[in-house]
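Work through the exercises below with the sequence and the 3D structure open beside you. Try each task before reading its solution.

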Amino acid sequence: MKEYKTINEISGPLIFVEKTEPVGYNELVYIKLGDGTTKRGQVLDTSKDIVVVQVFEGTGGLDLQCGVRFTGETIKLPVSIDLLGRILSGSGDPLDGGPRIVPEDRLDINGAAMNPYAREPPAEFIQTGISTIDGMNTLVRGQKLPIFSGSGLPHNEIALQIARQAKVLGSEEAFAVVFAGMGITNEEAQSFMRDFERTGALERAVIFLNLADDPAVERLITPRLALTAAEYLAYEHDMHVLVVLTDMTNYAEALRQMGAAREEVPGRRGYPGYMYTDLSMIYERAGVIKGRKGSVTQFPILSMPGDDITHPIPDLSGYITEGQIVVSRELHRKGIYPPINVLPSLSRLMNSGIGEGRTREDHKAVSDQMYAGYAEGNDLRGLVAIVGKDALSERDRKLLEFADMFEDQFVRQGKDEDRSIETTLEIGWSLLAELPEAQLTRIDNEMINKYHPAHRAK
Amino acid sequence: MKGTVYRIAGPVVTVIDVPTKMYDVVKVGKEGLMGEVIGIEGAKSTVQVYEDTSGIAPGEPVENTSMSLSVELGPGLLTSVYDGIQRPLPVLLEKMGDFIERGVTAPGLNREKKWEFKPTVTKGTKVAGGDIIGTVQETHIEHKIMVPPTVSGVIDEIESGSFTVTACVCKLTDGTELTLMQKWPVRKPRPVRKKLMPDTPLITGQRILDGLFPVAKGGTAAIPGPFGSGKTVTQQQLAKWSDTEVVIYIGCGERGNEMADVLNEFPELDDPKTGKPLMERTVLIANTSNMPVAAREASVYTGITIAEYFRDMGYDVSLMADSTSRWAEAMREISSRLEEMPGEEGYPAYLAARLSEFYERAGSVETLSGVNGSVTVIGAVSPPGGDFSEPVTQNTLRIVKVFWALDSKLSQRRHFPSINWLESYSLYTDALADWYNEHVSPDWPILRSDAMEILQKESELQEIVQLVGSDALPEDQQLTLEVARMIREYFLQQNAYHDVDTFCEMDKQYKLMKAIMKYSDLANTALEGGAELEDITSVKSKDDLSKVKFEKEFDEKLNTVLSAMDKEFDAIRGAV
Ligand SMILES: Nc1ncnc2c1ncn2[C@@H]1O[C@H](COP(=O)(O)OP(=O)(O)O)[C@@H](O)[C@H]1O
Ligand SMILES: [Mg+2]
């Protein structure tokens with residue numbers, strides 16, 4: 001491999017190399033520093049005149065005399081079943097003092113797009129033990145369902161609780177977990193590790209960590225490494241893999257930083273115009289393939305800057321993912337855990353994962369009815385603040401109470417409370433029973449007769 | 001004509017030393033990746049490449065095919081699933097497995113399959129572009145084999161029998177050979193004799209659409225909304241239940257699982273009109289968000305060209321594009337790589353022109369052969385942050401005649417379809433009035449406008465309620481609120497996942513609305529006659545009415561409810 005000493009400009013995370021032999025687009029690049037250390041980069045733009053390289057570990061310490069080698073291949077992750085139980089850096093080097101992975105294969109970290117024709121529509125119910133998710137925003141195997149949160153909210157606890165409790169009913173097999181931390185603090189990383197160790201989950205986990213003080217550019221490859229590992233475990237080793245990506249906001253910030261360094265025309269709020277496409281190349285790597293046993297389920301976490309769901313990061317994510325679980329500051333302030341606001345939350349794949357033979361025949365109707373009741377009750381809170389409770393009709397008063405009970409009994413649960421889907425639905429019915437029966441317009445009479453506590457008691 | 005690669009930056013490649021014309025298809029690099037010329041400057045041409053360009057290096061060979069990007073049109077289109085440049089996804093799966101690798105070409109139409117061709121003209125017939133020379137029974141749909149628009153002459157030989165799409169089935173006296181397949185450049189609209197004024201509604205089986213904001217066959221509609229508000233479900237409902245003969249569904253830069261869903265579901269569902277599996281009238285184009293962005297840009301053109309081709313046979317075709325915003329973003333991505341001067345929000349200055357050129361390809365037409373056909377275009381729009389003031393929504397609304405405004409406030413409370421009844425509009429209502437008059441009922445326009453008035457009134461009253469509470473309103477206004485709620489919940493809400501409710505024929509829509517209005521009349525009369533509001537709103541038949549739309553035996557159940565309603569109101573009157 002020829003080494004060039006022809007860097008003619010360094011700018012932010014980019015270096016510009018001239019007078020090279022032809023260099024391929026997206027190639028992996030090694031840059032050798034004066035002190036003997038090596039950094040890695042990737043070709044972003046290549047022509048006969050100049051090659052533009054983004055340097056993952058940052059350009060700190062680089063000068064025009066550094067040696068540059070082009071490897072002729074794209075970035076690959078060495079994979080083997082021994083990845084399980086390992087903690088790796090954001091660019092895939094061991095952080096746990098263990099040996100390098102002896103590769104069984106080396107896989108392109110960008111992955112290739114799954115042929116839509118090869119996809120099996122996800123439909124297997126995953127019980128997370130959390131009522132607001134299982135009951136009203138059901139997760140299925142092969143789905144990508146992000147948590148939209150805000151700074152200081154307990155999204156990590158929720159993610160951990162899900163990782164601990166997630167199971168497919170009737171299948172004993174636990175999920176393998178691939179965890180990618182991007183720009184998270186050392187403290188957050190520690191608490192994740194501790195939980196993984198405490199529950200013994202580490203044995204079935206692969207962890208990639210890019211911490212807050214690691215170079216931002218590296219974050220662009222961390223989720224791709226994680227997903228490559230996940231696909232390998234799912235499709236070569238038939239495992240069901242749960243991928244936790246946190247915090248996608250830090251990833252998107254790194255993307256914006258790169259765009260600015262390249263002096264690109266920015267899109268909305270300074271984020272690159274191609275951010276939708278870029279994010280989709282990550283999120284779309286969830287799924288189930290016809291005829292293969294394993295699956296990749298994604299649980300990305302992102303903090304909404306300023307709690308604003310219309311900010312480009314949650315917005316573009318929501319346009320790609322199959323729903324979102326929204327964590328609410330208001331519920332958190334009320335002391336409710338998990339503070340999941342079901343109203344803006346959604347699971348797009350819920351309908352295929354629930355019902356007779358999967359969860360229970362009344363699941364959909366119960367969920368719809370609770371949505372309607374809670375939405376209306378919640379609206380009335382605004383009105384009560386103005387006109388007082390006395391000005392409300394009887395119907396409205398009931399709805400108002402329903403909203404309070406819903407938060408207190410259905411939403412609120414313990415950090416280690418693993419509710420079965422039956423328990424979740426039973427709590428739902430006990431709350432609905434407080435509303436006049438004529439008001440349960442979303443539920444068939446047949447279901448009411450079968451499940452409504454008033455009828456069942458008879 | 002050969003040249004070399006000069007520069008690679010993502011999907012945009014600059015090539016040199018090869019003469020090109022705009023939109024020529026070129027083969028780039030050692031693997032011959034397909035691309036299209038989108039700019040020329042001196043000896044350099046800019047090419048958008050339809051596959052991943054990783055690893056391509058300057059100096060690699062480039063070949064110009066000198067052909068424009070075209071689609072193959074002929075028997076075999078129906079039931080197909082293509083990517084944005086008409087490569088059949090099942091063939092790609094066979095050739096390279098579950099993940100799409102690059103460098104594989106696959107023709108749009110199967111070359112081996114033989115089709116039974118029945119000529120409808122004979123030797124000596126004079127034919128011109130667009131004329132039908134024979135038919136092939138493709139699925140339940142008869143595929144009309146047409147003379148390509150640019151060809152004319154006199155039939156010299158024509159044969160019936162079994163042919164592949166590339167075999168000659170007909171010779172003209174000048175030696176021109178015609179095959180079952182023809183090609184057409186996607187960026188050029190197929191010609192028609194003239195455009196007609198649309199006068200028939202596209203019946204979709206969706207109450208809020210057919211009932212309040214209908215689109216005409218050959219018309220255009222846009223459905224903008226934030227994520228999760230129901231664009232895709234609505235588009236899929238339209239693809240399932242619209243009363244057109246052929247449906248083209250373009251998944252443009254959206255989710256893979258949604259495509260898998262359609263593929264799974266459509267073969268199992270029957271067209272309510274023909275009783276045949278929906279897939280048999282459908283062509284699916286699936287260029288998901290993670291597939292190459294240049295092919296996403298092309299997907300919309302591939303789709304509309306196929307739609308025009310079936311229109312030319314005299315069919316009514318509907319096309320759904322989900323989402324046109326992703327198409328616009330593909331344009332933006334490519335344009336910014338070209339370092340073009342950006343317009344609003346980074347979109348290229350030609351955004352508005354491209355959008356209107358696309359929607360202009362919709363229409364009710366008289367074809368070259370003198371029959372009538374239509375293409376209805378319905379585009380989903382995905383505005384960032386749900387803000388309709390952004391360029392794609394705004395430029396689209398300037399062109400389309402129907403606006404179905406999705407509203408996240410409605411979807412959050414699970415009011416589906418979450419189409420806002422106050423913001424949405426259809427500019428076809430007048431043009432379609434005669435049709436509704438004749439085919440539904442002369443009193444339909446009145447029912448419709450009464451319902452709209454009540455909904456409008458509700459929104460005004462709600463503002464007052466927000467300040468004083470509903471109990472403070474006079475009783476007649478409280479009743480108006482109740483009727484408005486009935487219109488919303490009983491009529492407008494429609495569950496796409498309910499076996500019965502997913503499709504509602506026009507007659508049922510009419511009867512349902514009429515029943516609600518009947519309650520409204522009885523209730524208002526009773527109230528004026530001095531009855532208690534409480535008694536009026538708690539009649540059991542009213543609650544029962546909420547559930548009739550879910551019943552298989554709708555007419556029967558509705559009649560039971562209506563006669564119960566008469567009795568209940570008689571009783572109320574008696575008590576006063
Ligand atoms: N007509 C409908 N009936 C029932 N549910 C619906 C309907 N329309 C939308 N939904 C629900 O809303 C969710 C989001 O709809 P979708 O069409 O995917 O939104 P968008 O494409 O605008 O992001 C669906 O997964 C479904 O649960
Ligand atoms: Mg959608």
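## Exercise 1: a nonpolar patch

The model used here is a predicted one. B:Ile464, B:Leu467 and B:Val468 make a nonpolar surface patch of about 260 Å².

Task: State in which helix of chain B B:Val468 is found, and decide whether B:Val468 is buried, partly exposed or exposed.

Solution.
Step 1. Find the residue on the chain: B:Val468 is in helix α11, residues 444-468 of chain B.
Step 2. Read its relative accessibility, which is 37%.
Step 3. Apply the cut-offs: buried means under 20% and exposed means over 50%. B:Val468 therefore counts as partly exposed.

## Exercise 2: a threonine in a loop

Task: Describe the place of B:Thr244, classify B:Thr244 as buried or exposed, and find the side chain with which its own side chain makes a polar contact.

Solution.
Step 1. B:Thr244 is located in the loop of chain B that runs between α3 (231-241) and β20 (246-252).
Step 2. Its relative accessibility is 4%, so B:Thr244 counts as buried.
Step 3. List the residues in contact with B:Thr244, leaving aside neighbours within four places in sequence: B:Leu202, B:Lys217, B:Arg281, B:Asp316, B:Val317 and B:Ser318.
Step 4. Look for the polar contact: the side chain of B:Thr244 makes one with the side chain of B:Ser318, at 2.9 Å.

## Exercise 3: salt bridges in chain B

Side chains of opposite charge can pair when their charged atoms come close. Over all chains, the count comes to 73 salt bridges.

Task: For the pairs B:Arg187 and B:Glu36, B:Lys240 and B:Glu265, and B:Glu308 and B:Arg361, give the N to O distance, the places of the partners and their exposure.

Solution.
Step 1. B:Arg187 and B:Glu36 form a salt bridge with an N to O distance of 2.6 Å. B:Arg187 lies in the loop between β17 (182-185) and β18 (194-196) of chain B, and B:Glu36 in strand β4 (residues 33-41), so the pair ties together parts 151 residues apart in sequence. With 22% relative accessibility, B:Arg187 is partly exposed, whereas B:Glu36 is buried at 1%.
Step 2. B:Lys240 and B:Glu265 meet in a salt bridge at 3.3 Å, N to O. B:Lys240 is in helix α3 and B:Glu265 in helix α4 (residues 256-265) of chain B, so this pair ties together parts 25 residues apart in sequence. B:Lys240 is buried at 7% relative accessibility, while B:Glu265 is partly exposed at 28%.
Step 3. In the salt bridge of B:Glu308 and B:Arg361, the closest N and O atoms are 2.9 Å apart. The pair links distant parts of the chain, 53 residues apart: B:Glu308 is in helix α5 (residues 293-312) of chain B, and B:Arg361 in the loop between α7 (351-360) and β23 (363-366). Both B:Glu308 and B:Arg361 are buried.

## Exercise 4: where the chains meet

Task: Describe the contact between chain A and chain B by its residues, its buried area and its salt bridges.

Solution.
Step 1. Count the residues: chain A gives 77 and chain B gives 75.
Step 2. Take the area: about 6300 Å² is buried between the two chains, and carbon and sulfur atoms give 53% of this. On the side of chain A, A:Tyr25, A:Tyr117 and A:Tyr319 lose the most area to chain B, together 12% of what that side buries.
Step 3. Count the pairings: there are three salt bridges between chain A and chain B. In the one between A:Asp45 and B:Arg7, the closest N and O atoms are 2.5 Å apart. There are also 34 residue pairs in polar contact between the chains.
Step 4. Find the elements: those of chain A that each supply at least two residues to the side touching chain B include β5 (38-47), α6 (275-283) and α10 (363-387). The largest share of that side, eight residues, comes from α10(A).

## Exercise 5: two places in chain A

Task: Locate A:Ala433 and find which residues are in contact with A:Ala433, leaving aside neighbours within four places in sequence.

Solution.
Step 1. A:Ala433 is in the loop between α12 (421-432) and α13 (445-451) of chain A.
Step 2. Its relative accessible area is 29%, so A:Ala433 is partly exposed.
Step 3. With those neighbours left aside, the contacts are A:His452 and A:Pro453.
Step 4. Check the backbone: A:Ala433 and A:Pro453 are 20 residues apart along the chain, and their C-alpha atoms are separated by 6.6 Å.

Conventions. Residues are numbered from 1 along each chain as its sequence is written. Chains are lettered from A and ligands numbered from 1 in the order in which they are written. This is a predicted model: local features need pLDDT of at least 70, side-chain atom pairs count only at pLDDT 80 or more; totals for chains, interfaces and linings use all residues. Side-chain values use heavy atoms; hydrogens and water are left out. Helices (H or I, at least four residues) and strands (E, at least two) are DSSP runs, numbered from the N terminus. Buried means under 20% relative accessible area, exposed over 50%, partly exposed in between (1.4 Å probe, protein chains only). A polar contact is a pair of N or O atoms within 3.5 Å; within protein, one must be able to donate a hydrogen and the other to accept it, and residues adjacent in sequence count only if both atoms are side-chain atoms. Contact means heavy atoms within 4.5 Å. Patches are made of residues with over 30% relative accessible area and no salt bridge: like charges are joined within 9 Å, nonpolar side chains (Val, Leu, Ile, Met, Phe, Trp, Tyr) within 5 Å. Accessible areas come from the Shrake-Rupley method with a 1.4 Å probe; for residues, only the protein chains shown count as cover. A salt bridge is a side-chain nitrogen of Lys or Arg within 4 Å of a carboxyl oxygen of Asp or Glu. Buried area is the accessible area (1.4 Å probe) that two parts lose on being put together, summed over both.
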